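Visitor: Hi! Could you walk me through this one? I'd like to start with a sheet and then look at where the chains meet.

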Amino acid sequence: MSVHRVMGLETEFGISVPGHPTMNAMVSSSHIVTAYAHAVSDGANAHWDYELESPLRDARGYDQSRAEADPSQLTDEDPGMANVILTNGGRLYVDHAHPEYSTPEVTNPRDALLWDRAGMSVMRRAMDLAAATGATPPILLYKNNTDNKGASYGCHENYLMRRSTPFADIVRYLTPFFVTRQVVTGSGRLGVGQDGRTAAFQLSQRADFFEVEVGLETTLKRPIINTRDEPHADPERYRRLHVIVGDANLSDTSTYLKMGSTALVLALIEAGALVDSDLMLARPVAEMHAVSHDCTLRHRVTLADGRRLTAIEMQRIYLEQAYRLCEQQAYAAFDAQTKDVLEQWDRVLTSLADDPMSLATELDWVAKKALMEGYITRDGLPWSSPRLQAIDLQYSDIRRERGLAARLEDRGRLVRLVSDAEVAAAVTDPPEDTRAYFRGECMRRFPDAIAAASWDSVVFDVPGHDSLLRVPTLEPLRGTRAHVGDLLAGSPDVAALIQRLGGAPSGSDG
Amino acid sequence: MEREEIEDADTPAAASSTPAELDSDVDAILDEIDSVLEANAEDFVKSFVQKGGQ
């Protein structure tokens, strides 16, 4: 029982080109990604390995080498395929009309926060590089989830789970958690309804875009629980839970508690520890909207068994179950981060119940609302004022000198949990405890020899070899620094690496 | 803006600001936001149009 499990975050960024409202978003997004790609790799660009069927075990795939491939097979000309595999093991790419950054796989909430912040640094640098090319007017990026005109885009969380946990349990126990965690994790939004027609503040950017309880869709009829089943790992052992309900967060505390509390709840579900706490809601989708729309936090959701509880009370039940399971498993022996998540979650829930605005230095929705209320008080603005709408939008501007969350941080008005130095390192360095280490280090050491990579493979183009060589990385917890650090350090070139990988008994697969 | 008086003498330094200090703190933040907020809020907000994503 802990907050530790393989996890990650992928964020679609809002994109605009001031003064050029008709600029094609996919083209602008490609400018962002390709500018960064050229800066980090001098033109050589590994492709994303889209092959869904990873060869098993010791497979070395047989493909044509680049030199002999038909030019049409080399897809770096296609702006829709713009993609960079980063030396930190993450991915920067174009997802239709948005540039997207995915963190590498990490094992804990603090690292998720760290590599997520690194992604903002990557995006900022990409913005500057794109502007410097002169090929595009300046492009602005926003870490948010809606344009308040009907469009929404996501910040998705991924959590590795045991396959043996029945999906029905995930749906049953996670749905009420997602409906109620908004009081902690919401980023705030001025505008209610998908098109934001009502000028009122709500807790979550995403809530209004959720229409069904369970489903496969991600772009319409969005489900609270997404059933996408693409583990990028052994499907017999693992499930990758793909979570689309979350808001994009700017505050460290919001991101940390989002990942940490969710990880705890997943641990509870896997342990079967929630069977006596049936928190099923009568109408989950309606309650998702209702919880978000009520900034007083007093709305009571109606459970299937007729009980009516506030979102804070629901969250506290999950927290108490987490404490209980920890006690059963010797809490005192628990790792510092699990204890910290429990204690912060506890403290935040207490403050939300007593005086929510006291969390203006920690939670995004409170910080944003406090700013707006400051303006309302000082300037007598109505909630419909465009200036307040501008605050909502500019809160998530990723520039440090213009983004409002960043300004609050720099003034010490929004708590930081990770330092600038750590974030700078996470831009280039991968986590050491997942397969992202192998992927990122290969990209750093042998950029010209990587033909393609994906979450579960690295495909090498080795000089002297006619065929490309696919090294599967099916096991998320192998390919760590402990496993392959020495092997990488001792390989002066990619040929040496391949030879040593081939020689090691189980060096390259799960 | 109304502020409650801080009564407990043992509260840590950060919480023992006087109401006037708290107000000026908020004012300072708003002044800073004023200096970076897009000048033409209405156009800024209107021109932010996105395609749907996931």
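Guide: Happy to. In chain A, 4 strands make an open sheet with the order 3-16-17-18, and the pairing is mixed. Keep in mind that this is a predicted model.

Visitor: Which are the edge strands?

Guide: Strand 3 (47-48) and strand 18 (469-472) of chain A, each of which pairs on one side only.

Visitor: And in what sense do strand 17 and strand 18 of chain A pair?

Guide: Antiparallel, over 4 bridges; strand 17 of chain A covers residues 457-460. If you want a spot to click on, A:F460 stands opposite A:L469 in strand 18 of chain A.

Visitor: Which strands does helix 13 of chain A lie across?

Guide: Helix 13 (residues 436-445) of chain A lies across strand 16 (450-454), strand 17 and strand 18 of chain A. Its angle to strand 17 of chain A is about 25°.

Visitor: Nice. Let's switch to strand 9 and strand 10 of chain A: what do they form?

Guide: A hairpin, with 5 residues between the two strands. Strand 9 (residues 189-192) and strand 10 (residues 198-202) of chain A run antiparallel and are joined by 3 bridges. Across that pairing, A:R189 stands opposite A:Q202 in strand 10 of chain A.

Visitor: What about A:G193 in the turn?

Guide: A:G193 has a positive phi, about 95°.

Visitor: OK, on to the interface. How many residues does each chain bring to the contact?

Guide: Chain A brings 42 residues and chain B brings 25 residues. Together chain A and chain B bury about 3100 Å², with 60% of that on carbon and sulfur atoms.

Visitor: Why quote an area at all?

Guide: Because the accessible area lost when the parts come together is often used to give the size of an interface.

Visitor: Fair enough. How many salt bridges are there across the interface of chain A and chain B?

Guide: There are 6 salt bridges between chain A and chain B. One pairs the side chains of B:D25 and A:R413, at 2.9 Å from N to O. Polar contacts across this interface come to 23 residue pairs, both residues being at pLDDT 80 or more.

Visitor: Which elements of chain A give two or more residues to that side?

Guide: Strand 2 (14-16), helix 9 (364-379), helix 10 (386-395) and helix 11 (404-410) of chain A. Helix 10 of chain A gives the most, with 7 residues.

Visitor: And how do the residues on chain A's side divide by type?

Guide: The side of chain A that touches chain B has 13 nonpolar, 14 polar and 15 charged residues.

Conventions:
Residues are numbered from 1 along each chain as its sequence is written. Chains are lettered from A and ligands numbered from 1 in the order in which they are written. This is a predicted model: local features need pLDDT of at least 70, side-chain atom pairs count only at pLDDT 80 or more; totals for chains, interfaces and linings use all residues. Side-chain values use heavy atoms; hydrogens and water are left out. Contact means heavy atoms within 4.5 Å. Buried area is the accessible area (1.4 Å probe) that two parts lose on being put together, summed over both. A salt bridge is a side-chain nitrogen of Lys or Arg within 4 Å of a carboxyl oxygen of Asp or Glu. A polar contact is a pair of N or O atoms within 3.5 Å; within protein, one must be able to donate a hydrogen and the other to accept it, and residues adjacent in sequence count only if both atoms are side-chain atoms. Ala, Val, Leu, Ile, Met, Phe, Trp, Tyr, Cys and Pro count as nonpolar, Asp, Glu, Lys and Arg as charged, and the others, Gly among them, as polar. Two strands pair if DSSP finds at least two bridges between them. Axes are lines fitted to C-alpha atoms, for helices over the stretch in contact, and angles run from 0 to 180 degrees between N-to-C directions.
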